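Please open your viewer and have the selection tool ready. We will go through a few stops together, one selection at a time.

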Amino acid sequence: MKMVKRAFVAGMALFGLASPAMAAWSDVNLRVGVTELSREIYGLHMLILWICVAIAVAVFGVMIYSIATFRKSKGAVPATFDHNTKAEVIWTVIPVLILVGMAIPAARTLVKIDDMRGSELTVKVTGYQWKWQYEYVDHGVSFFSTLARTSDEARQLDSGIRPESVENYLLEVDNPLVVPQGKKVRVLITANDVIHAWWVPDFGMKKDAIPGYINEMWFRADEPGIYRGQCAELCGRDHGFMPVVVEVKSQADFDAWLAAQQAARQAAAAPAAQTAAVVSPVDQVAAVRVAVAE
Amino acid sequence: MAQAQAAHGSDKYYIPHGSKWPAVGAVTLFVTMLGTAAVLNGSSMGPWIAYLGLAGVAYMFFGWFGTVIDESQRGLYNAGVDRSFRMGMTWFIFSEVMFFAAFFGALYYARQLSVPWLGGEGSRFMTNLFLWPDFEASWPTNGPAGIGGDFQTIPAFGLPAINTAILLTSGVTITIAHHALKAGNRGVLKIFLALTFLLGFAFVGLQAEEYIHAYKELNLTLGSGVYGSTFFMLTGFHGLHVTIGAIMLLVIWLRVMKGHFTPTHHFAFEATAWYWHFVDVVWLGLFIFVYWL
Amino acid sequence: MSATQTHGHAADHHDDHGPAKGITRWLTTTNHKDIGTMYLVFSLVMFLIGGAMALVIRAELFVPGMQLVDPGFFNTMTTVHALIMVFGAVMPATVGLANWMIPLQIGAPDMALPRMNNFSFWLLVAAFSLLILSLFMPGGGPASGWTLYPPLVLQTGDALPLAIFAIHLAGASSIMGAINIIVTIMNLRAPGMTLLKMPLFPWTWLITAYLLIAVMPVFAGAVTMLLTDHFFGTTFFAAAGGGDPVLYQHIFWFFGHPEVYIMILPAFGIVSEIIPTFSRKPLFGYDAMVYATASIAFLSFIVWAHHMFTVGMPLAGEMFFMLSTMLIAVPTGVKVFNWTATMWKGSLSFETPMLFALAFLFLFTIGGFSGLMMAIAPVDFQYHDTYFIVAHFHYVLVPGAVFAIMAAVYYWMPKWTGHMYDTKLANIHFWMSAIFVNVLFFPQHFLGLAGMPRRIPDYSTQFADWNMVSSIGAFGFGLSQLLFVYIIWKCAKGGQKVSAEVWDGARVHGLEWTVPSPAPYHTFDEAPVVK
Ligand code: HEA
Ligand code: HEA
Ligand code: CUA
Ligand SMILES: [Cu+2]
């Protein structure tokens, strides 16, 4: 882990030097994100990137040197050698060592990502053509999240609305997912029709939503804020128009929000019998089975 | 045949002249595919287009193989050409093996991975808990939604065992035929070759019987979930290959009756025999993994 | 063709025959040069059509907002662009080169199975007629990406069976083509040409052919299952019946990953021919090159799930596929280092083929590096399905495979036509291509890292700048290719006559430089003897 951290720090320092405008850099590079995992992933990314850059400098350097020096037009006389066992062994072994050096921290991070234990909130996410459904499985709250109306109007063919005039064009939804800050949120991901993928770059993870199966991932967001992502698996005509928006609130704000949601739901549910309140897994299954059977 | 013998002396690699058959094949296959697609899309024209195309394909096969047989009889194929044919056939069979591998892979995946996952095994118990809580992994299965309704399977040691015996026997008969051919014993050759393709057709007949039984009485269909899917796709493609192989054997037999082939020069016979053995081996895989285990 | 010799008497002696006249020549030909030419022309046409589709994509993405096409049609363009480029442009181009050059390079009179060779070609025409026809079906063309993932692909309208049958026919064509190449190489090499004396282009093709035979049938099986899932009620890819959509992905990528090496290995072969010629030095590490190619081919069978890191594989699976994928960098590195070492202490000159080969060397390596980055599973969770991927594979495919093909055309075209092409225009073509291809694809790395998903017709405004740059690059690159068409056309018509050797000193680099230019209709009727 130390290695990744060191690489991360070195990376930060390097591009800090290289580019005075940090904002510009974030337009062309991976995001550091707001979770421990996303930072680790970022560190890995920078580590490999710089290793590749270093190798490129060396290899391209030799190529450029050859091109510049051994020119027929400069009267270069070709040598006749056609192999060199020592060199060949070296340039087979060294890459292997470099790869081992990359694989170790990568494997560590992978193990961490896979560790679902100790989650403090479980959210079930279901992809539909073309919207997301979020269910707080232990709290009886559930709702759909679709592209915000402003974006939806602007994105119609020849709408005449300039995308620049729409705030968060294509990255805004009506009902964002709301989660508490600093808590391990476990996300259960599935889909109802075709494969989608749920992705928030700032959390460092994306996971496919596969109909009939449940995938899991987790994140723990350090900072309150609004984080935006998109569906990341081609899911048909409006694949480009099903953003993911997550609002991270402090625990207190989150609790208040959740209570309000529950209250609103109860109020709505009372007249309309139970239909609106989704939620035990069993109901779910019944619903899915009906859908499937059709 | 004298010519065929003479050809072995030739060291010139035979390169055929222009031939219309490839173009005919491409056009007729195009028409066949177009027609089949139209059938699938529910067009009433579809079947006619498809039949037209198929007739053309049949015409192409007759013409093309007729040319090849003719060239072979005229002794144009020397040892080098023969070697090319052998290599070509070998790699063709390998490609067929890989085609079946895709379906065996699907079977493996369904049995070892997807069905257990749906039943909640491994790290996937959430799948079971939330989506398919009543489902318990088992094999055979038509999946958690019970697609196609309850069905029964075909026991390995009924018809399938008989079919296994048939195919294995046909493997023996073709080998006897081959030895007879090499020994110049054409009487035995004719009988055992005929036996081989008869066994082949008998296999196909029994397989058809089995399918009818499955559809009519067992409610086992292509639509019986992943069991029905893998069962019918594997046995179906195998049955198709047996049919093709049996037709090849029949053609070879007809050629034998016409006096083709010599003890040393009989690539078509051998190619068919290889193909037949390949079909045989695939069946063993089917018998073990589809019917038995 | 120039070689219309006196007509023979005995029909069995083909060697007295020139080509037939008119269209029949092309429909019925069994001549490897004719068939090679047809493949190459077909491939060029497909490159233009596939490129035109790419230009539709880039035009829609020029600025944010939807200006030109319906999102569904955009997806169709993405899908068919890729299918055409992969199966219609790059693969047929390398098959065409193989047809032309392998018999010449190994001293064979023709391909081993000449009629089947012609069949392979015309089947390809049938296949792409079906595919293009599918664009006009009710419900629109296939729009699920070239990977054709279910369940989405099962929502395709009437185009579905056409597209699937197109794949079947193209697959059959590839398999037959591959068998032909294997048999030709294994059976028709000139006496004395042992396998380890064979030039690298036939070598890489030999290995590619094995890959093709191993994986095309698997792809055919996969799309057949799609067909039955859609039309016959099977549930291979539906959880309700006990199947799994991810099963399709495993089967597809078992084919799909070797497929990308099917596109690049012949390119490696081409570059291994050109760099020694223009370095005036033997290829460095010939044996290592052969073994590296074989290792890459072997590894390509056990890395497929690196395309599926986000599908929720068990941890052990992710680990395995991450590590096996990383390993491919080693043999590929060996190749890059060997090419560099070939130039080292050589005597380099920079004719157009060499320029393209050098651009290949630099730009393919960049594409390889991004590939390696994506091999790191935890980081691929971020990269996956973004423009970073699009940048990666276009780097290995366009300045990789396509540049190598162009290098090959410039290298061997004088041998085919007997004329030198317009070298000045060719160099302009090179420089424009090399510059624009970077303008086109380099910014896509930035877009991907900054979070732009692939396969979207519209994007949020933060991605506007680099998309515009990329689109400008696309149109520049597209225009440059019109120059390429013109250069080829002009060279076929006429130009400065060339010697048999074409490039000075080339004779030592291969048998193809010992036959006259243009290569006569029939060559090596008498096998040459290799020392
Ligand atoms: C010609 C085609 C081609 C080639 C050659 C490659 C080569 C490689 N590819 Fe690529 N790839 C594609 C075509 C190709 N790819 C396509 C089309 C897709 C997308 C498909 C789709 O989804 O539509 C894809 C996608 C793809 C993915 C999936 C990404 C995702 O969807 O999330 C991955 C992940 O591992 C990957 C990895 C690699 C690797 C490791 C190599 C390696 O072979 C590269 C090896 C080369 C080098 C590393 C450079 C040279 C080496 C050195 C100089 C030695 C020293 C170097 C080191 C030790 C670092 N590729
Ligand atoms: C060998 C393969 C290959 C090649 C050569 C190319 C070449 C190009 N590709 Fe392609 N591409 C793929 C393989 C390839 N691509 C694949 C596999 C995908 C993934 C698909 C998927 O997601 O499913 C893809 C996806 C893809 C995308 C992403 C689409 C999306 O995610 O929605 C983009 C976007 O920029 C793109 C652009 C281009 C461009 C600009 C070229 C240029 O290099 C093209 C240059 C050529 C020309 C422009 C032709 C010149 C012709 C004219 C100018 C005139 C035309 C006239 C007539 C036809 C009469 N490609
Ligand atoms: Cu949902 Cu893409
Ligand atoms: Cu791959």
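A word on terms before the first stop: donors here are N, O and S atoms within 2.8 Å of the metal, and since water is not among the atoms, sites may look incomplete. Keep in mind, too, that this is a predicted model.

**Stop 1: the copper ion**

Select ligand 4, the copper ion, and show the side chains around it. Which protein atoms are its donors? You should find ND1 of C:His257 together with NE2 of C:His306 and NE2 of C:His307, at 1.8 to 2.0 Å from the metal. Written along the sequence, the spacing of these donor residues is H-x48-H-H.

Now colour by secondary structure and look at two of them, C:His257 and C:His307. They bring together distant parts of the chain, 50 residues apart: C:His257 sits in helix α7 (residues 245–279) of chain C, while C:His307 belongs to the loop between α8 (286–299) and α9 (315–327). Switch on a surface for the protein chains and compare how each is covered. C:His257 has a relative accessible area of 4%, under the 20% cut-off, and therefore counts as buried. C:His307 is at 21%, so it falls into the partly exposed class.

**Stop 2: the iron atom**

Next, measure across from the copper ion to the iron atom of ligand 1; the distance should read 4.5 Å. How many protein donors does this iron atom have? Just one: NE2 of C:His392, at 2.2 Å. Follow the backbone from there and you are in helix α13 (residues 387–417) of chain C.

**Stop 3: where chain A meets chain C**

Zoom out and colour by chain. Select the contact residues on both sides: 88 from chain A and 96 from chain C. The two chains bury about 7,600 Å² between them, with carbon and sulfur atoms giving 71% of that area. For a closer view, pick A:Trp91, A:Leu110 and A:Leu234, which supply 9% of what chain A buries against chain C, more than any other three residues.

Then turn to the polar side of this interface. There are 19 residue pairs in polar contact, both partners at pLDDT 80 or more, and 2 salt bridges. One salt bridge to display joins the side chains of A:Arg237 and C:Asp70, with 2.7 Å from N to O.

To finish, highlight α2 (22–28), α3 (36–69), α4 (85–113) and β7 (205–209) of chain A, each of which supplies at least two residues to the side touching chain C. The largest share, 16 residues, comes from α3(A). Coloured by residue type, that side of chain A shows 52 nonpolar, 19 polar and 17 charged residues.

Definitions and conventions: Residues are numbered from 1 along each chain as its sequence is written. Chains are lettered from A and ligands numbered from 1 in the order in which they are written. This is a predicted model: local features need pLDDT of at least 70, side-chain atom pairs count only at pLDDT 80 or more; totals for chains, interfaces and linings use all residues. Side-chain values use heavy atoms; hydrogens and water are left out. Donors are N, O and S atoms within 2.8 Å of the metal (3.2 Å for Na, K and Ca); water is not among the atoms, so sites may look incomplete. Helices (H or I, at least four residues) and strands (E, at least two) are DSSP runs, numbered from the N terminus. Buried means under 20% relative accessible area, exposed over 50%, partly exposed in between (1.4 Å probe, protein chains only). Contact means heavy atoms within 4.5 Å. Buried area is the accessible area (1.4 Å probe) that two parts lose on being put together, summed over both. A salt bridge is a side-chain nitrogen of Lys or Arg within 4 Å of a carboxyl oxygen of Asp or Glu. A polar contact is a pair of N or O atoms within 3.5 Å; within protein, one must be able to donate a hydrogen and the other to accept it, and residues adjacent in sequence count only if both atoms are side-chain atoms. Ala, Val, Leu, Ile, Met, Phe, Trp, Tyr, Cys and Pro count as nonpolar, Asp, Glu, Lys and Arg as charged, and the others, Gly among them, as polar.
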